[in-house]
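Some descriptive terms deserve to be questioned before they are accepted. Here a reader asks how several of them were reached, and the author replies.

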Amino acid sequence: MASESITAADYIKHHLQSLTSLSDVTQGQGLKNIADFSYINIDSVFFALVLGILGSFFLWRGAKKATAGVPGRFQAAVEILFEFVDDMCKSIVHNEQSRKAVAPLGLTVFVWVFLMNAMDLLPVDLLPMTWQAVTGDHHALLRVVPTADLNTTLALALGVLIVCIYYNVKIKGFGGWMHEMFSAPFGPKLGPANFVLNIVEFFSKTVSHGMRLFGNMYAGELVFMLIALLGGAWAASGSIGVLDPIMFVFHIIAGLIWAIFHILVITLQAFIFMALAFVYIGQAHDAH
């Protein structure tokens, strides 16, 4: 892609395409159609798994090296994060037995989503161009922010829904939960209407949970691409115009400002996703 002149629209369209076939990253090497998954975004799955493993490793390392004495910086940071998540869980989920599983789950969700969001801070072309430098003239299709993929965020939200259903059945029993589904909020006489309303509520909470994270990260990804275009237009065209150096300086300044602001965004979005997970799980413990 770097060898031909492209428009801004082509550039953005290219970077919004996910890797769905391993043949997309093997062009020019005589390796075609190794695997074609078609409906699976391989890049989102790969980076989500790698970051999940890294997040679990760092939390495990912090727990393994924890001491009763004066903690190191990393241990202190993990302890502060753990206490923050635990206090929030206590304020929302009032069942002490449930918190033993829900609080660690919330901590895992926060760290995992934060790490996936943080991939947005990498330069847009860094990993695709690294692949290009290693393999030749092919600019690989590669989206490195899993949470900017709706499939990832809806999968996370679906996981929260499954946990909510589990606690509904565990706390109330299957019969008690079904009774609540048919009797709340309008009473047993409107059982079918209550059931449909509750199903819609579960569905809408799950969709909005995933869409909120996706929308914010997708918008942030687009802004980074637009900023990249400010300083990269001359590189794509192969010539430097009068205004190109000015645009490049503006590109550096705008990119720095947005990256600093985006640190708050990625942290806030991870916090909101975790907080909503606690709220939905807490609601599963409440009787109507």
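What follows is a dialogue about a predicted model, taking up confidence, helix packing, cavities and a peptide bond in turn.

Reader: How do you know what confidence the predictor has in this model?
Author: On a scale that runs from 0 to 100, the protein averages a pLDDT of 85, and 85% of the residues score at least 70. Residues 26-37 need separate mention, since there pLDDT stays under 50, and for this stretch the model has 17 contacts beyond four places in sequence.

Reader: Why are α4 and α6 called roughly antiparallel?
Author: The axes of helix α4 (residues 96-118) and helix α6 (residues 150-183) cross at roughly 175° and come within 13 Å. Angles over 145 degrees count as roughly antiparallel, and the two helices are therefore described in that way.

Reader: What makes up the contact of α4 with α6?
Author: From α4 come Ser98, Ala101, Val102, Leu105, Trp112, Val113 and Met116, which meet Thr152, Leu156, Val163, Tyr167 and Ile171 in α6. By class, the residues of this contact are ten nonpolar and two polar, with no charged residue among them. Tyr counts as nonpolar in this scheme, and Tyr167 in α6 is one of the residues in the contact.

Reader: What makes an empty space in this model a cavity, and how many are found in the whole structure?
Author: A cavity is a set of points where a 1.4 Å probe fits but cannot get out, and the search finds three cavities of 30 Å³ or more. The largest has a volume of about 120 Å³ and is lined by 13 residues, with Val124, Val144, Val145, Glu221 and Met225 lying nearest its centre. Helix α7 (residues 191-237) supplies the largest share of that lining, three residues, while by class the lining has nine nonpolar, one polar and three charged residues.

Reader: Which residues line the second largest cavity?
Author: This cavity, with a volume of about 60 Å³, is lined by Ala157, Val160, Leu161, Cys164, Phe202, Lys205, Thr206, His209 and Tyr280. Both α6 and α7 supply at least two residues each, and the lining divides into six nonpolar, two polar and one charged.

Reader: What kind of peptide bond joins alanine 184 and proline 185, and where is proline 185 found?
Author: The bond is cis, with omega about 5°, and proline 185 is found in the loop between α6 and α7. In general, most peptide bonds are trans.

Note on methods
Residues are numbered from 1 along each chain as its sequence is written. This is a predicted model: local features need pLDDT of at least 70, side-chain atom pairs count only at pLDDT 80 or more; totals for chains, interfaces and linings use all residues. Side-chain values use heavy atoms; hydrogens and water are left out. Axes are lines fitted to C-alpha atoms, for helices over the stretch in contact, and angles run from 0 to 180 degrees between N-to-C directions. Helices (H or I, at least four residues) and strands (E, at least two) are DSSP runs, numbered from the N terminus. Angles under 35 degrees count as roughly parallel, over 145 as roughly antiparallel, 65 to 115 as roughly perpendicular and the rest as oblique. Contact means heavy atoms within 4.5 Å. On a 1 Å grid over the protein atoms alone, a cavity is a set of points where a 1.4 Å probe fits but cannot get out, and a pocket is an open set with protein on both sides within 12 Å along at least five of seven lines; lining residues have an atom within 4 Å of a point. Grid points are joined across faces, edges and corners, and a volume is the space filled by probe spheres set on the points.
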